[in-house]
2 protein chains.
Amino acid sequence: MISLDGMGGDHGPPVTVGGVREYLKQHGGEGIRFLLHGDEAALAAEVKKAGLGDVCEIRATDKVIAMDEKPAQAMRRGKGSSMWNAIEAVKDGEAAGAVSGGNTGALMAISKLLLRMSATGLERPAIVASWPTLNGITAVLDVGANITSDAEQLVDFAIMGEAFHAAVHGSTNPSIGILNVGSEDMKGHEEVREAAAILRDNPFGLNYHGFVEGDDIAKGTVDVVVTDGFTGNIALKTAEGTARFISQIMRDALTSSLQAKAGALLALPALKQMRARIDPGSINGGPLLGLNGIVVKSHGGADARGFGNAIRVTVDLARSDYTAKVGANLKRLDAVLHSAPPEPVETVS
Amino acid sequence: MISLDGMGGDHGPPVTVGGVREYLKQHGGEGIRFLLHGDEAALAAEVKKAGLGDVCEIRATDKVIAMDEKPAQAMRRGKGSSMWNAIEAVKDGEAAGAVSGGNTGALMAISKLLLRMSATGLERPAIVASWPTLNGITAVLDVGANITSDAEQLVDFAIMGEAFHAAVHGSTNPSIGILNVGSEDMKGHEEVREAAAILRDNPFGLNYHGFVEGDDIAKGTVDVVVTDGFTGNIALKTAEGTARFISQIMRDALTSSLQAKAGALLALPALKQMRARIDPGSINGGPLLGLNGIVVKSHGGADARGFGNAIRVTVDLARSDYTAKVGANLKRLDAVLHSAPPEPVETVS
């Protein structure tokens, strides 16, 4: 069972129920049922329209968290809302994961409140972006939740990002890089150098590659790029801004003369295919990592297809060994960082 | 007089002397003379070929700092090299500024050693990138030198970036934003919030806009984007990587079918014009800010035209009120941060 905030996002039920339809159409999703939280009439109408009565169960609530509500307010007043109930179903063990396209700050706050952090070094759940590159998809995290990160948190991100990439993007033994201003060992600030030292000693069987730079993200040099939420958020938005800038000046160029317009018309089908690959945010469905439970954020403006992909991410995580693997590695990290060094073994000479 | 490291960069004299030719051709540069440091025979041959004997003076040295030399090594062993001598001419008051396409780390170390920092809060000179946006050029700094920056350093960057943008990109009253993960006052870490508070109180007559996000850079929301060298370097390289990624998949798309190829052929002149605008590094010439003297870094791989633009940046800075304006504002900042609060004025009621 997957739990959905039926009202979250800019479009509500047409997209959330449409997302179920798209998910089933594209990924099969055999045997999976959906718990839809929100306005009963609106959801029922969409479920009927899509012919999904067999796989959807509606849990009625009129309460919705507004897109501009502050996290603290959402925590105080959000109980019984479609988002709250969607997450509570995960807490109660009724659902294997939850998806919401609602207010990100509220989703993080309520998820943390109800599910608690499993990665105890983290202040808030980490957000992972699935970034299209010349070499497949690279997972970049944290892209906005934890704005300062010490070495332990960066290693938490490596552990979670690795398991996420394997579960959702199907890699075996994903490679991991720490984002830095250069690739040499002595580059960067203390936090990244310490995290690199922990991963180099490599007690978790992770495939640690080393430091990577900003341009390595789009190259796809590694499968997982680890960074603090401040740098990650700025890198992601800078890339989105750059992509939009180039789209705009390309549009300008291709309408700058009759000849260019004719060329653009001929190349249009190819350019359209390309467009989908441009936007670093185009692969929808960013899980909140580090919680005792699976919660996936769908982009507020996503369409049904995008929401369907967020459902796919949730199902892939729930069906994989993600939770067990992360749990075991976080425990190993904790032992490395916080245990007394082992007593020296006395040897008889 | 402008002092040039004649040997710096991937191509040496053909580009450095060619840069003088391009600069004079495009910008006039009336009355300016050039001091060329490096291999006498190679430089003389290029000067003769370009017919620049009247405006160029050669200072012979065989010593060159290698592109992969470590900064500490360059400081110890670099005396008498073409780079060293180029900067020394600024120190001695013989030249109004220096340009080098050589090893960035060495250039920063030697510049700091010979010229000393004027912005005393900075550990190293700041590097500024001139970033093409939908709204002209935005100056982003620091993009790599100071990997951790406290509030004072961020305000230093604001002061220097503002004067740089006015001098080199011709703006009046450039607007300034601090790069952050959101635009609200309480967003971000302590350093950006403190810097924002100083600039909001605004003792320097700067046009402070507020926080900006990563996608605001390419939008051109402000003229100057202030950030620490770690984040700035990663933002710049991420944008460069994104631009290259899009160029690559565009190339793939436009060669994916006969029809697309025909379209591309027609649109080619327009697309070529566009290409020059894509790369955030395309505007060559990044000054090292915060020194007692003007030193401009040219990209190692720049061609003669690019080197010519680095010369233009140097001349524009030298001819402007940049140095006086920055000096006055740094003094005002120092007074704000480090002086005792003024005694309350007694009023007679």
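## Pairing of strand S5

In chain A of this predicted model, strand S5 (residues 126-133) is joined to strand S6 (residues 136-141) by six bridges, and the two run antiparallel. Strands are DSSP runs of E with at least two residues, helices are runs of H or I with at least four, and both are numbered from the N terminus; two strands pair if DSSP finds at least two bridges between them. S5(A) and S6(A) form a hairpin with two residues between them, and A:Val128 stands opposite A:Leu141 in S6(A).

S5(A) also pairs with strand S10 (residues 286-289) of chain A, in the antiparallel sense over two bridges. Here A:Ile127 stands opposite A:Leu288.

## Burial of strand S5

Eight of the eight residues of S5(A) are buried (20 or more other C-beta atoms within 10 Å of the residue's own, with C-beta atoms placed from the backbone). In a regular strand, side chains alternate between the two faces of the sheet. Both faces of S5(A) are covered: one side carries A:Ala126, A:Val128, A:Ser130 and A:Pro132, and the other A:Ile127, A:Ala129, A:Trp131 and A:Thr133.

## Interface with chain B

In chain A, 53 residues are in contact with 53 residues of chain B (C-beta atoms, placed from the backbone, within 7 Å). Helices H8 (214-219), H9 (229-254) and H10 (258-278) of chain A are the elements that each give two or more residues to this side. H9(A) gives the most, with 21 residues.

## Conventions

Residues are numbered from 1 along each chain as its sequence is written, and chains are lettered from A and ligands numbered from 1 in the order in which they are written. Local features need pLDDT of at least 70 and side-chain atom pairs count only at pLDDT 80 or more, whereas totals for chains, interfaces and linings use all residues.

Key: A residue is buried if 20 or more other C-beta atoms lie within 10 Å of its own, exposed if 12 or fewer, and partly exposed in between; C-beta atoms are placed from the backbone. Two residues are in contact if their C-beta atoms, placed from the backbone, lie within 7 Å.
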